[in-house]
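Morning, everyone. I have one structure for you today, so please look at the screen.

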Amino acid sequence: MAWQGVIEEYRDFLPVSDKTPIVTLKEGNTPILRAENLKKKLGINIEIYFKFDGANPTGSFKDRGMTLALSKAIEAGSKAVICASTGNTSASASAYAAKAGIKAIVLIPEGKIALGKLAQALVFGAHVIQVKGNFDQALNIVKAIVEKYPITLVNSINPFRLEGQKSASYEVCDQLGFVPHYHALPVGNAGNITAYWKGYKEYKKAEKITSLPIMLGFQAAGAAPLVQGKPVEKPETIATAIRIGNPASWKGAIGARDESGGRIDSVTDSEILNAYSLIASIEGIFCEPASAASLAGVIKLYKENYFKNGDSVVCTLTGSGLKDPDIVFKVSKEPLKVKAETQAVEKVIEGII
Ligand code: F0G
């Protein structure tokens, strides 16, 4: 049978009933890919797999949580949803609100979200409010707004978001047929690592799996409050999706780290961009910079001899590179320009082959 979306596929594990109206864009069932080329290129002795959640309907993992958040909002009779976002949450909330036929209001940090994400919110018909400040400030504002107005908050502090997002760990186990030794994720507001860990634990409790992975979270060096142990007032990174200084799911991320015996570490923007180019140029996967923090972190730990020979590591690639194509021009050469003559093109080709 064709894939039905996260809620129908994992209904037994989710807080829905027969009465819940299901709002879905058939999210989930994203590819898991073994990084054979990477293994050869880096000469490493671990097995890396990419869970490419950029292949979701709006191009990020947020859709897994948004199907549930919007379904429950509609069940509760909500007429509007609101979120603060570094871009992907707003794109996803806007799409699912459009599908549900209700209003979406999104607050984004002015000038600090990828153009493709802003375009998504606009085309889905959301009311976009640019805030002259960062994500943390925007999140504080939306929290105050929902105290006063009958609008449903769909940031990951809405528990239904994490309930939906935990489906990704079910899929990893179902697709691989085993539980990886490690699971690596980029960390921003820290909802996703919290959701994955919850999912793994629940799958084990339900006896679908018999072991748990060790959780690894990676923040950008300029926005690494969990690594520093205190909020960062002015977070900065090229990976705008994770430009967050005071994560809402702080405790969840620390819990995932400590209960699994894992690590939360930081990676520099240049390590992120290296991993970003590598994933695209040798594995054929175009993810966004924040997503590449997962591989950047794994490479960093590999160099510290953190892993054992043969360990399996799943890296979630959280979003699509198409959202932020400008970044490509920071890591790739401009295309050549030639006259519209066969000879001119031949000359170039002879230098290639
Ligand atoms: N990767 C991407 C592509 C993201 O958009 C985000 C978060 C993360 C990783 C980090 O996930 O917050 O659960 O730790 N984006 C949010 C947003 C904050 O507003 O779109 P997290």
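I'll take the ligand site, then the aromatic residues. One caution up front: this is a predicted model.

Start with location. Where does the ligand sit? In the largest cavity. Two elements give two or more residues each to the shell around the ligand. They are helix 4, residues 88–100, and helix 9, residues 191–205.

Now the shell itself. There are 19 residues around the ligand. Which come nearest? Ser85, Asn189, Ala190, Asn192 and Thr318. By class, the shell has 10 polar residues, seven nonpolar and two charged.

Next, the polar contacts. I'll show three, each made by an oxygen atom of the ligand. For Ser85, the partner is an N or O atom in the side chain, and the distance is 2.7 Å. Thr89 takes part through its backbone: a polar atom there is 2.8 Å from a ligand oxygen. Gly188 also offers a polar backbone atom, with a ligand oxygen at 2.8 Å.

How much of the ligand does the protein bury? Taken alone, the ligand exposes 480 Å². The protein buries 98% of that area.

So much for the ligand. On to the aromatic residues. How many aromatic pairs does the structure hold? The count is 11. One aromatic cluster is formed by Trp3, Tyr10, Phe13, Tyr170 and Tyr203.

Let me recap. The ligand is in the largest cavity, with 98% of its exposed area buried by the protein. Ser85 is among the nearest residues, and its side chain has an N or O atom 2.7 Å from a ligand oxygen. Thanks, that's my slot.

Technical notes
Residues are numbered from 1 along each chain as its sequence is written. This is a predicted model: local features need pLDDT of at least 70, side-chain atom pairs count only at pLDDT 80 or more; totals for chains, interfaces and linings use all residues. Side-chain values use heavy atoms; hydrogens and water are left out. A residue is near a molecule or strand if one of its heavy atoms lies within 4 Å of it. A polar contact is a pair of N or O atoms within 3.5 Å; within protein, one must be able to donate a hydrogen and the other to accept it, and residues adjacent in sequence count only if both atoms are side-chain atoms. Accessible areas come from the Shrake-Rupley method with a 1.4 Å probe; for residues, only the protein chains shown count as cover. On a 1 Å grid over the protein atoms alone, a cavity is a set of points where a 1.4 Å probe fits but cannot get out, and a pocket is an open set with protein on both sides within 12 Å along at least five of seven lines; lining residues have an atom within 4 Å of a point. A molecule sits in a cavity or pocket if more than half of its atoms lie within 2 Å of its grid points. Helices (H or I, at least four residues) and strands (E, at least two) are DSSP runs, numbered from the N terminus. Ala, Val, Leu, Ile, Met, Phe, Trp, Tyr, Cys and Pro count as nonpolar, Asp, Glu, Lys and Arg as charged, and the others, Gly among them, as polar. Rings of Phe, Tyr and Trp (its six-membered ring) pair if their centres lie within 6.5 Å; planes under 30 degrees apart count as stacked, over 60 as edge-to-face and the rest as tilted.
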